[in-house]
Amino acid sequence: MGQVDQTSVPTKIVVIGNGMAAGRAMEELFAKQRPPLQVTVFGAEPRVNYNRIMLSPVLSGEKTFEQIIIHDEAWYAKHCVRLRSGQPIVAIDRKAKTVVTSGGDQVPYDKLVIATGSQPFVIPVPGANLEGVVTFRDLDDVEKMHAAAATGGNAVVIGGGLLGLEAAAGLALKGMKVSVVHLMPTLMERQLDPSAGYLLEKAISERGIDVYTKANTEAILGSDRVTGVKLKDGAILPADLVVMAVGIRPNFGLGKAAGLDCNRGIVVDDWLRTSDPDIFALGECVEHRGQCYGLVAPLYEMAKVLASELAGEKPSGFVPAVTSAKLKVTGIDLFSAGDFSDDDENNEIVLRDPARGIYKRVVIHDNKIIGAVLYGDTEDGGWYFDLLKKGEDVGAIRDTLIFGQAYQGGSPLDPTAAVAALPDDAEICGCNGVSKGSIVAAITSGGLATLEDLRAKTKASASCGQCTGKVELLLAATLGESYESSGRKPMCKCTDLTHEEVRRLIKTKPLKSQPAVMQELGWKTSGGCPSCQPALNYYLLCDWPLEYKDDYQARFINERVHANIQKDGTFSVVPRMWGGVTSAAELRAIADVVDQFKIPMVKVTGGQRIDLLGVKKQDLPAVWAQLIANGLMSGFAYGKSLRTIKTCVGSEFCRFGTQDSTGLGIKLEKLMCGAWTPAKLKLAVSGCPRNCAESTVKDIGVICVDSGYDLHIAGAAGLHVKATDLLGHVDSEEEALEYIAAVAQKYREEANYLDRLYKWVEKTGLEHVRRAIMEDHDNRKALYERFLLSQRVARKDPWAERVAGRDLHEFMPLAVISRIAAE
Amino acid sequence: MHDVKTYWFDCGPVTAIPLRGARTVVTPRREIAVFRTANNDIFALENKCPHKGGPLSEGIVHGHKVACPLHNWVFDLESGEALAEKACVRTFPVKIERGRIYLDMGVAASG
Ligand SMILES: Cc1cc2nc3c(=O)[nH]c(=O)nc-3n(C[C@H](O)[C@H](O)[C@H](O)COP(=O)(O)OP(=O)(O)OC[C@H]3O[C@@H](n4cnc5c(N)ncnc54)[C@H](O)[C@@H]3O)c2cc1C
Ligand code: SF4
Ligand code: FES
């Protein structure tokens with residue numbers, strides 16, 4: 001161990017905390033040439049130093065404690081370290097330069113090292129201190145969990161981060177029925193983006209673990225022992241064991257009590273010195289340049305710097321490091337590193353293989369990798385991380401970067417050439433197992449020249465559609481000049497699939513969340529764009545009315561705040577007027593609101609209602625509250641939804657009227673209000689063929705006749721003007737209601753987002769709609785039932801919900817500052 | 001450019017802004033839109049589109065970008081630059097500490 005100066009008195013080094021950072025620092029120190037030292041280590045845990053990271057495999061039973069010991073007794077003896085385990089330090093006396101043990105001993109130091117790590121955070125809910133509620137930090141916690149698991153039963157893990165999931169997987173392997181409760185929409189959101197989070201949730205669920213996302217814990221139940229966990233939404237999960245894994249807090253109480261500079265942790269400089277020059281700190285208990293750490297890699301770097309410092313060298317100082325994370329659950333491969341928050345499609349490269357559950361995403365800035373998320377195939381994690389840390393320019397290999405290290409070196413091909421170069425037995429369509437050879441044969445000898453024919457004959461790209469791009473490239477490569485592309489219009493830049501294909505797959509797969517659609521259909525971006533997000537949100541809402549939760553952030557502002565944004569940023573408010581009928585009381589209420597909120601303009605709309613224009617956003621809830629109090633509700637004048645049902649007075653007053661057109665309009669509006677549709681939906685009911693309500697230019701129009709009701713669809717009177725087509729005739733009002741709702745449902749289920757009803761009919765054909773509604777009675781009844789089902793959820797007044805407090809954040813500024821406070 | 005003093009104003013907890021959403025901070029000089037992205041990053045921009053003054057805080061947030069609600073110009077939240085147009089909206093220094101948002105009022109409330 002080099003030349004040691006025997007004459008000088010050894011420097012007394014006292015280390016508080018015998019965890020991973022302290023252990024590594026000593027190892028580094030003893031490997032160096034250094035002046036004589038006398039090291040004493042105090043550990044609160046009654047044991048030698050072990051690898052805390054490996055507690056997860058100890059919990060699951062894949063490893064024993066003996067296998068994860070880092071320094072055994074012999075190691076301490078060999079390095080003459082006095083280990084005083086099971087003896088926490090309770091105070092530091094900086095004047096006397098001593099530390100005080102729990103037993104009252106005072107131990108002097110020349111240099112003190114604080115490495116007390118972190119404490120698990122326990123959310124302060126009722127019942128948090130019940131027996132059976134544990135954290136996951138040290139071996140004692142693991143032993144408590146083992147004891148609980150020995151009798152089986154239910155475990156609830158609060159927290160779906162790295163630690164929580166490792167605990168959940170371990171407990172499940174130990175035979176417990178495990179649920180994970182997570183506050184955020186996707187698991188491990190700090191290390192993973194929503195796509196990878198979706199795959200992870202799938203894999204965790206496949207292990208029999210129930211995952212509850214967007215779930216907030218309200219209380220832990222039980223009188224002396226825990227019996228369950230109650231969520232804010234009222235659900236109660238039975239529990240014999242509750243593991244809190246919601247985060248950690250640096251453990252810096254000792255340092256703070258001793259008067260050291262502390263913020264989120266003990267503040268240290270680049271040489272890990274605290275505000276007292278004789279006291280150093282490292283590990284999770286410190287804050288360095290405003291940052292705290294929770295993974296070991298940076299702590300090991302700190303250990304190097306500290307060892308060098310204590311050995312009297314002049315180290316260059318600790319620099320904040322990018323970290324990478326892996327989940328240690330056998331069979332789940334994920335990797336993430338750096339910053340992957342930017343999902344600008346120009347700065348990211350995404351590769352998805354839905355069939356194999358693979359998702360890879362590399363985020364690039366100025367030709368340098370700044371972040372990476374890998375799921376399912378993490379082999380190249382280390383390579384990306386290395387490129388990231390070195391800040392290497394990847395401009396030249398950008399096109400092939402995502403395929404990994406093994407792929408580098410070859411010259412990049414253009415996509416058509418790349419497909420052409422594939423061997424004949426290369427699989428193109430994974431779902432249906434169609435090889436390149438059989439597709440090419442179908443084109444050359446089978447004479448097929450279009451995508452549609454190929455799909456019908458070979459089934460290539462007919463299932464998930466993810467390989468559509470490749471199949472088209474094969475057509476182009478094989479047919480050369482003579483191939484005319486099918487003119488399919490992909491939904492947006494994020495996918496090769498059309499709206500129709502996406503809609504079909506959402507239903508058949510089935511897919512019930514946005515990340516599920518994006519992963520399973522191979523989206524080319526990580527999080528979609530402003531054009532596919534609202535569309536997917538609508539499709540999911542339409543197809544899974546009871547299961548899918550509306551994603552307000554994917555909606556345009558008008559649908560988010562339930563009012564129409566105007567050019568000056570104010571809003572317009574249009575209350576519903578059933579069938580265009582109002583009353584003195586309603587008019588009075590409107591007049592009062594106008595006066596009270598100084599609403600600058602009141603206008604009658606083309607849809608027979610009253611528009612209050614120029615309302616300030618922050619006034620909206622108060623305006624609504626008053627309107628609601630007088631029986632009015634939202635007119636949905638802002639939504640891709642049912643708008644107005646225009647009526648004439650009909651047989652009630654008009655001398656020509658054949659039926660009660662006003663009454664039918666009101667009934668229709670009551671039946672259909674609140675329904676979200678692909679684009680706005682406007683109806684009208686006229687009491688006779690004179691057609692005063694202009695039914696023949698509406699999406700759906702009714703013309704009353706003596707014998708009943710003529711139903712018209714697919715009119716338009718906007719940018720495009722078109723008279724309706726006659727769909728058919730019904731005899732009774734009940735039938736009219738049912739048939740019209742069925743048409744609306746069919747439109748909701750089939751149309752592309754933003755296609756008005758006439759556009760949809762143009763694409764699908766009037767005959768198709770007519771047969772489905774007028775002839776196929778079972779089908780119509782089923783459509784009607786589905787419409788009613790979705791209305792059970794949709795038919796509510798969004799204004800009333802907001803007045804009651806929903807989304808209040810939308811209407812209030814975060815902060816108002818009247819003037820800068822004096823200093 | 002004259003020197004302005006840094007004055008970090010506590011605007012409230014990060015969770016007061018929905019993920020992929022925005023809220024405003026009203027100052028005597030201007031309204032500031034504070035955005036929270038899907039990954040919990042926070043950005044502050046003048047709440048006024050350089051095109052026709054649209055309130056950017058009402059736009060759809062996607063990645064580190066926002067689309068103006070009025071005519072769909074898209075801005076980079078970090079730089080304030082418009083993607084397809086030659087235009088730029090002012091950005092302001094913000095930081096998160098212990099889960100709270102701080103806006104530099106020294107800059108935000110001055111010229
Ligand atoms: C289950 C689990 C899995 C993990 N997995 C990973 C992973 O995969 N990758 C990764 O990078 N990181 C992982 N971590 C995090 C990693 O373990 C920590 O970052 C690391 O242990 C921190 O080192 P430390 O020395 O700062 O703190 P610790 O290792 O916690 O050591 C601090 C020690 O100080 C003791 N102490 C506290 N106060 C006193 C006192 N007053 N007197 C005496 N002793 C005291 C404590 O008892 C403790 O033993 C995991 C953590 C856990 C719990
Ligand atoms: S459509 Fe016929 S019933 Fe209705 S108001 Fe006109 S004339 Fe009268
Ligand atoms: S005002 Fe923003 S795009 Fe026109």
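This is a guided tour of a predicted model, moving from the contact between two chains to the ligands and then to a few local features of chain A.

**The contact between the chains**

Begin by colouring chain A and chain B separately and selecting the residues of each that touch the other, which gives 39 residues from chain A and 38 residues from chain B. The size of an interface is often given as the accessible area lost when the parts come together. For chain A and chain B the buried area is about 3300 Å², and carbon and sulfur atoms give 57% of that area.

Next, turn on the polar interactions across this contact, where 12 residue pairs of chain A and chain B are in polar contact, both residues being at pLDDT 80 or more. On the side of chain A that touches chain B, the elements giving two or more residues are the helices α17 (532–543) and α18 (557–561) together with the strand β41 (815–816). Colouring that side of chain A by residue class shows 18 nonpolar, 8 polar and 13 charged residues.

Which residue of chain A should be selected to find the salt-bridge partner of B:E58? Select A:K617, whose side chain forms a salt bridge with B:E58, with the closest N and O atoms 2.6 Å apart; across the interface of chain A and chain B, 2 salt bridges are found.

Then move to β41 of chain A and show it together with strand β2 of chain B (residues 21–26), since these two strands run parallel and are joined by 2 bridges. Within this pairing, A:V816 has B:V26 in β2 of chain B as its bridge partner.

**The two ligands**

Centre the view on ligand 1, which is surrounded by 31 residues, the closest being A:E45, A:R137, A:E284, A:V296 and A:K328. The side chain of A:E45 places an N or O atom 2.7 Å from an oxygen atom of ligand 1, while A:A21 has a backbone N or O atom 2.8 Å from an oxygen atom of ligand 1. For a contact to a nitrogen atom of ligand 1, select A:N251, where a polar side-chain atom lies at 3.4 Å.

Now go to ligand 2, where the surrounding residues include A:C648, A:C654, A:C688 and A:C692, and also A:R690 and A:N691. By class, the shell around ligand 2 is made up of 5 nonpolar, 4 polar and 1 charged residues.

**Local features of chain A**

Return to the whole structure, which holds 51 salt bridges over all chains, and pick out the one in which the side chains of A:R455 and A:E501 meet at 2.6 Å, N to O. A:R455 lies in helix α13 (residues 451–458) and A:E501 in helix α15 (residues 499–508), both of chain A, so this pair ties together parts that are 46 residues apart in sequence.

Following the chain onwards from α15, select A:P510 in the loop between α15 and α16 (514–520) of chain A. The peptide bond that joins A:K509 and A:P510 is cis, with omega about -20°.

Next, select A:C80, in the loop between α3 (73–78) and β5 (82–85) of chain A; its phi is near 55°, a positive value in a residue other than glycine.

Finish at the hairpin of β6 (residues 89–93) and β7 (residues 98–101) of chain A, whose strands run antiparallel and are joined by 4 bridges. A:D93 has A:T98 in β7 of chain A as its bridge partner. Of the 4 residues between the strands, what should be looked at in A:K97? The backbone is the place to look, as A:K97 takes a positive phi near 55°.

Note on methods. Residues are numbered from 1 along each chain as its sequence is written. Chains are lettered from A and ligands numbered from 1 in the order in which they are written. This is a predicted model: local features need pLDDT of at least 70, side-chain atom pairs count only at pLDDT 80 or more; totals for chains, interfaces and linings use all residues. Side-chain values use heavy atoms; hydrogens and water are left out. Contact means heavy atoms within 4.5 Å. Buried area is the accessible area (1.4 Å probe) that two parts lose on being put together, summed over both. A salt bridge is a side-chain nitrogen of Lys or Arg within 4 Å of a carboxyl oxygen of Asp or Glu. A polar contact is a pair of N or O atoms within 3.5 Å; within protein, one must be able to donate a hydrogen and the other to accept it, and residues adjacent in sequence count only if both atoms are side-chain atoms. Ala, Val, Leu, Ile, Met, Phe, Trp, Tyr, Cys and Pro count as nonpolar, Asp, Glu, Lys and Arg as charged, and the others, Gly among them, as polar. Two strands pair if DSSP finds at least two bridges between them. A residue is near a molecule or strand if one of its heavy atoms lies within 4 Å of it.
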